[in-house]
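Good morning, colleagues. I should like to take a few minutes to go through one chain with you, beginning with a single element and then turning to the whole.

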Amino acid sequence: MSKGVFICYILLKVYTHFTIENEMIKLLLKMVAIGYLTEFSSGLLVDFGNVSLADKVVLAGKITIIFLSLPIFETLLKIIQTFLSKSL
């Protein structure tokens, strides 16, 4: 079994086992894709000698991932609030 098929199998198993919303899965995949593209672009820029531009690309990628993760943090805070309200 190839690595790609294995990763897809694991993701499908996690998706069916837990009740994760489709939007959260899409956001997580977008964040992973942005991370890979950022690192790839940064590596190319470093290879071409543009280290300062590579640093700016990495910073832009990190900021983008932070903004994309805000709905996930909001959901996490709601879950924590639910746990705290039930325990009191």
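Let us start with helix α2, which covers residues 22–47 of this predicted model. How far apart should the ends of its 26 residues lie? At 1.5 Å a residue, the helix should span 38 Å, and its end C-alpha atoms are indeed 38 Å apart, so expectation and model agree.

Which residues of α2 are buried? They are M24, L27, M31, T38, S42 and L45. In general, an α-helix has 3.6 residues a turn, so residues three or four places apart point the same way. The cover over the buried residues of α2 includes α3, residues 51–87. Just after α2, G49 adopts a positive phi of about 95°.

Now to the chain as a whole. Its secondary structure amounts to 3 helices and 0 strands, in the order α-α-α from the N terminus.

As to overall dimensions, the C-alpha atoms occupy a box of roughly 55 × 40 × 15 Å along the principal axes. The radius of gyration is 18 Å, whereas a compact globule of 88 residues would have one near 12 Å. Buried residues account for 11% of the 88 residues.

Turning to contacts, consider those between residues at least 6 apart in sequence: 53% of them join residues at least 24 apart.

Finally, the surface. The protein chain exposes about 7,400 Å², with carbon and sulfur atoms supplying 73% of that area. The chain carries 8 positive and 6 negative charges, and the mean positions of the two sets lie 7 Å apart.

Definitions and conventions: Residues are numbered from 1 along each chain as its sequence is written. This is a predicted model: local features need pLDDT of at least 70, side-chain atom pairs count only at pLDDT 80 or more; totals for chains, interfaces and linings use all residues. Side-chain values use heavy atoms; hydrogens and water are left out. Helices (H or I, at least four residues) and strands (E, at least two) are DSSP runs, numbered from the N terminus. The expected span of a helix is 1.5 Å times one less than its number of residues. Buried means under 20% relative accessible area, exposed over 50%, partly exposed in between (1.4 Å probe, protein chains only). Contact means heavy atoms within 4.5 Å. The radius of gyration is taken over C-alpha atoms; the globule rule is 2.2 Å times the number of residues to the power 0.38. Accessible areas come from the Shrake-Rupley method with a 1.4 Å probe; for residues, only the protein chains shown count as cover. Lys and Arg count as positive and Asp and Glu as negative; His and the chain ends are not counted. The place of a charge is taken as NZ of Lys, CZ of Arg, CG of Asp or CD of Glu.
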